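The exercises below ask the reader to work from a sequence and a model to a reasoned description. Please look over both before turning to the solutions.

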Amino acid sequence: MFSKFQNHLSAHFPFLQKAKLLIAVSGGLDSMVLLDLISKTNIDFAVAHCNFQLRGVESDEDENFVQSYCKENSIQGFFQKFDTQQFAKDEKVSIQVAARKLRYEWFYELLATENFDFVATAHHLDDQLETFLIHFSRGTGLDGLCGIPSQNDKIIRPLLIFSRAEFETFANENYLQWREDSSNASDKYVRNKIRHHVVPLLKELNPSFLDSFQNTIQNLKQAQSLVDDASRIVYRKVVQDLANQKLINLNELLQLPNYQAYLYQWLMPFGFSAWQDIYDLVYAQSGKQIFSEHFRLLKDREQLIVEPKTIQISGDFYIDQNQYELNFPLKLKFCNVSSVLISDAKTIFVDADTLKFPLKLRKWQEGDYFYPFGMNSKKKLSKFFKDEKFSLVDKENTWLLCSDNQIVWLVGKRMDNRFKVTENTKTILKIAVL
């Protein structure tokens with residue numbers, strides 16, 4: 001096994017020879033095999049152990065076991081206790097999710113503070129199979145069927161080519177000691193049910209099942225690579241990247257016979273999961289939207305807009321006559337000037353005597369109208385938005401500066417003609433949005 005491990009490292013993880021590696025060690029069979037294999041190489045490493053305090057004395061004994069091993073073998077060790085149950089309760093997540101979050105957050109903290117380059121975990125081929133079956137049973141895309149990646153950012157998994165049986169053989173041949181986790185014998189968790197009941201049946205049906213599965217995973221990963229390549233090529237034709245938005249051109253998208261597959265590839269990283277609703281959104285009316293935890297997908301005319309979820313600020317904000325600036329929800333500055341300078345979208349000059357204070361800043365409402373600068377007739381904002389091709393997002397983010405319920409300025413867009421500076425103006429007020 002060690003020779004196979006060395007060849008695997010040389011072929012797929014050559015960078016470890018010059019890296020500082022942190023090994024996640026629970027004290028169980030898998031992590032102790034990984035620790036022993038790494039210790040037989042020239043890789044610079046240390047150990048990190050998490051005590052999740054979920055099994056009482058047994059958890060503490062696991063920690064003591066790893067500490068003793070590190071001390072006996074002069075290995076640097078990092079140890080951390082977590083109140084996992086309380087964290088899960090506070091975050092409203094399962095114990096498994098809580099433990100994973102705590103573990104990896106601490107690992108990344110150690111990477112930063114102790115100057116480690118990578119964290120190695122002891123996931124193996126049986127773990128890969130169990131993950132595949134969990135994803136398969138819940139429904140997933142091609143990416144989910146590809147299983148556990150051998151490297152994910154700074155997390156590496158160099159033992160995915162080995163089966164648990166190989167671990168046991170290696171451990172016994174090399175007289176390794178390890179701790180047994182009593183919770184592994186329980187069928188409380190889905191993974192354990194699959195491990196105890198489903199996998200043994202598959203291996204009984206096909207004694208070479210793990211080898212066949214490994215080949216299948218490789219084929220799926222190659223297929224995923226082809227999908228990624230095609231997705232990137234089409235993405236450049238269909239999607240426009242802005243600072244905080246992605247605009248998906250529906251006219252271009254719907255020319256693709258398999259547009260749903262592309263939408264899945266592009267939107268899955270943003271946490272969306274209601275796929276049928278998303279596919280229906282393509283043909284829905286403007287204004288319909290779907291949310292993930294941190295993003296929203298909005299249908300706006302001939303495009304879908306992906307953007308972060310933000311708290312919509314509403315309400316009225318007032319500016320007194322002697323107030324020279326407003327800092328929230330926009331940053332506005334007011335000052336008297338002697339003449340009109342060149343104005344732009346962010347600056348207007350108004351006849352101060354036409355204003356009635358306090359001025360009010362608010363969002364637009366149906367029925368609002370104004371007299372666009374340069375025009376003597378009024379125009380509904382809804383018509384103005386349509387003519388100027390405002391998106392729904394643009395309209396949501398539009399603020400109105402008003403005087404006695406009359407619109408002075410669509411802030412950053414267009415001022416009202418009724419407040420313009422004329423030859424009869426005595427006091428000129430400059431208003432700018434920063």
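The exercises that follow concern a predicted model, and each one is a task with a worked solution.

**Exercise 1. Establish the strand order of the open sheet, and say which strands stand at the edges.**

Solution. Begin with the order: six strands form an open sheet that reads β3-β2-β1-β4-β6-β5, and the pairing within this sheet is mixed. Next, look for strands that have a single partner; β3 and β5 (151–152) are in this position, so they stand at the edges and one side of each is left without a neighbour in the sheet. As background, strands of a sheet pair through backbone hydrogen bonds, in either a parallel or an antiparallel sense. Then take one pair in detail: β1 and β4 are paired in the parallel sense over three bridges, and L22 stands opposite V119 in β4.

**Exercise 2. Check the length of helix α5 against its expected span, and describe what its buried residues pack against.**

Solution. Helix α5 covers residues 95–113, which is 19 residues, and at 1.5 Å a residue it should span 27 Å; because its end C-alpha atoms are 27 Å apart, the expectation and the model agree. The second step is to list its buried residues, which are A98, A99, L102, Y104, W106, F107, L110 and L111. These buried residues pack against β1, β2, β3 (77–81), α4 (84–91), β4 and β6 (155–156). As to orientation, α5 lies across β1, β2, β3, β4, β5 and β6, and runs at about 145 degrees to β2. Finally, the helix is followed by N115, whose phi is positive, near 60 degrees.

**Exercise 3. Identify which residues of the largest nonpolar core touch the most other members, and which element gives the most to this core.**

Solution. The largest nonpolar core has 33 residues, of which L16, L21, I23, V33, L35, I38 and L159 touch the most other members. The elements that give two or more residues to this core are α1 (2–12), β1 (20–24), α2 (29–39), β2 (44–51), α3 (57–72), β4 (118–120) and α8 (164–173). Among the contributors, α2 gives the most, with seven residues. To see the packing around one member, consider I23, which, when neighbours within four places in sequence are left aside, is in contact with L34, L35, I38, F45, A46, V47, A48 and A120. Apart from this core lies another, of 25 residues, among them V234, L263, I278 and I290.

**Exercise 4. Decide for D62, T131 and D143 whether each is buried, partly exposed or exposed, and give the contacts of each.**

Solution. The decision needs the cut-offs: buried means under 20% relative accessible area, exposed means over 50%, and partly exposed lies in between. D62, in helix α3, has a relative accessibility of 5% and therefore counts as buried; leaving out residues up to four places away in sequence, D62 touches S26, H49, R55 and R179. The helix that holds D62 lies across β2 and β3, and α3 runs at about 165 degrees to β2. T131, found in helix α6 (residues 125–138), has a relative accessible area of 8% and so is buried; apart from neighbours within four places in sequence, T131 is in contact with I148 and R191. D143 lies in helix α7 (residues 142–145) and, at 25% relative accessibility, counts as partly exposed; not counting residues up to four places away in sequence, D143 touches Q224, Y264 and M268.

Terms used
Residues numbered from 1 in each chain as written. Predicted model: local features only at pLDDT ≥ 70, side-chain atom pairs only at ≥ 80, totals over all residues. Heavy atoms only, no water. Helix = DSSP H or I, 4+ residues; strand = E, 2+ residues; numbered from the N terminus. Buried < 20%, exposed > 50% of the residue type's maximum accessible area, 1.4 Å probe, protein only. Contact = heavy atoms within 4.5 Å. Core = buried A, V, L, I, M, F, W, Y, C linked by side-chain atoms within 4.5 Å. Expected span 1.5 Å × (residues − 1). Pairing = 2+ DSSP bridges. Axes fitted to C-alpha atoms, helices over the stretch in contact; angles between N-to-C directions.
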